[in-house]
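Please open the model in your viewer, with a cartoon for the backbone and sticks ready for side chains. The stops below are given in an order that can be followed by selecting one element after another.

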Amino acid sequence: MSPNLQQIDKLIIDVLMDNQSDSYSSKPDFVTPEFNNVIHAGACEISGATLCCAQLGLSVMLTAYQGDKRHKLLFDAGPQGSIWMRNCKSLGIKLDDVEEVAISHGHWDHMGALLDALGGITSGGKRTVPVHVNPGMFLERGARLTDGSVVPFEIVPSPEVLAKHGAQVHNAKDERTLLDGFFYLSGEIPRLTDFEKGRQDHVCREDIKQDWYPDPLLMDERYLAVQIRNKGLIVFSSCSHAGIINVLMDLRAKFPKVPIHGVFGGFHLVGTLEKIIPQTVEHMKEFAPAHIMPGHCTGWRALCAMVNEFGEEVVIPSSVGSKFTF
């Protein structure tokens, strides 16, 4: 049976963190650029001090409406707290009304700012907030370089540390709906395609005393989805280590009768994974999304390939400070 995901009337996506800044390129009517957003938030001028900072990572604030009901959820928190907090201030994003937090996977560029985000959301510990994670996120991770050595990634905060910073930690593998069924957080994503094989350089270990071992599939990754009335599903796949086609296949299996309206996130078609760009683009045509919104780790070669195939009316790149309204 399909999960009980509610149809919402309106969704606002505030991009709090992404790899790129782009206020100059023209955008469709449903995307408000960073310049407009910071002025609306109270900036008196456009300057380096008033604009957002781009940084490797992804974080989006999602505000959903259904009739007179409203729910607000943070999906991922980006890499660095001070920059994340600065971007929220520049965009006029309130934090004390954030109801829940969901994290896609256990990498520093999606969880590094989480403790600072929790400080803002809980007003320094005056309240608690549900934070949705899964047990696979909390291994130590790293990447094996071409010379065979391993560079470790920043360790993400543990469930115990999150709890000390005001999180009501929901640490479970299973899929779930959040906030009256406004949001769907996936479970483990089945790996079905024959070309999406993950990051071959990725390694992990239980703790610093143990040896690194291969972890190409990153099975802890999850995606988020919403269903917009008269449009369909919008899926958020922050890094797509599972492969964006595997993500879309799982989404269609979960919601077989609902069209896919939008695909948002990092598609991780960079480095050695650039070789699967043609297969990815070809298979994405089967899902016929009305909008593809690549960002973060997608890479410029994949972006160009998608624009060439789908056109500029479909492919709208994400950038920090942008606001998407559906």
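**First stop: an exposed glutamate**

Select glutamate 160, which counts as exposed because its relative accessibility is 52%; here buried means under 20% relative accessible area, exposed over 50%, and partly exposed in between, with a 1.4 Å probe and protein chains only. The model is predicted, so that local features need pLDDT of at least 70 and side-chain atom pairs count only at pLDDT 80 or more, while totals for chains, interfaces and linings use all residues. Residues are numbered from 1 along each chain as its sequence is written, and side-chain values use heavy atoms, with hydrogens and water left out.

Glutamate 160 lies in helix 5, residues 159-164; helices (H or I, at least four residues) and strands (E, at least two) are DSSP runs, numbered from the N terminus. If you add histidine 110 to the selection, the two residues are 50 residues apart in sequence and 18 Å apart in space, C-alpha to C-alpha.

**The eight-stranded sheet and its helices**

Next, colour the open sheet of eight strands, whose order is 3-19-2-4-5-6-7-10 and whose pairing is mixed; two strands pair if DSSP finds at least two bridges between them. Its edges are strand 3 (31-32) and strand 10 (167-171), each of which pairs on one side only. Within this sheet, strand 2 (residues 10-17) and strand 19 (residues 323-325) are joined in the antiparallel sense over three bridges, and isoleucine 13 has phenylalanine 324 in strand 19 as its bridge partner.

Now show helix 2 (residues 81-91), which lies across strand 2, strand 4 (59-66) and strand 5 (69-75) and runs at about 130° to strand 2. Contact means heavy atoms within 4.5 Å, and axes are lines fitted to C-alpha atoms, for helices over the stretch in contact, with angles running from 0 to 180 degrees between N-to-C directions. Helix 4 (residues 114-121) lies across strand 5, strand 6 (100-102), strand 7 (129-133) and strand 10, and runs at about 155° to strand 7.

From helix 4, move to serine 123 in the loop between helix 4 and strand 7, where the residue has a positive phi of about 55° although it is not a glycine. Serine 123 counts as partly exposed because its relative accessibility is 36%. A second such place is aspartate 180, in the loop between strand 11 (176-178) and strand 12 (183-185), with a positive phi of about 60° although it is not a glycine.

**The four-stranded sheet**

Select the open sheet of four strands, ordered 9-8-13-14 with antiparallel pairing. Strand 9 (150-152) and strand 14 (213-214) are the edge strands, each pairing on one side only. Strand 13 (residues 202-205) pairs with strand 14 in the antiparallel sense over two bridges, and the bridge partner of cysteine 204 is tyrosine 213 in strand 14.

**A covered strand and a buried serine**

Strand 18 (residues 291-295) is mostly covered, with five of its five residues buried. In sticks, His291, Met293 and Gly295 point one way from strand 18, whereas Ile292 and Pro294 point the other way. Strand 17 (residues 260-266) pairs with strand 18 in the parallel sense over five bridges, and glycine 265 has proline 294 as its bridge partner.

Then select serine 237, placed in strand 16 (residues 232-237), which counts as buried because its relative accessibility is 1%. Leaving aside neighbours within four places in sequence, serine 237 is in contact with Glu221, Tyr223, Ile244, Val247, Phe264, Gly265 and Gly266.

**Last stop: cysteines**

Which disulfides does the structure hold? It holds zero disulfides, a disulfide being a pair of cysteine sulfur atoms within 2.5 Å. Cysteine 44 is in no disulfide, and the nearest cysteine sulfur, that of cysteine 52, is 16 Å away. Cysteine 44 is exposed, with a relative accessible area of 82%, whereas cysteine 52 counts as buried at 10% relative accessibility. For cysteine 52, also in no disulfide, the nearest cysteine sulfur is that of cysteine 53, 7.6 Å away.
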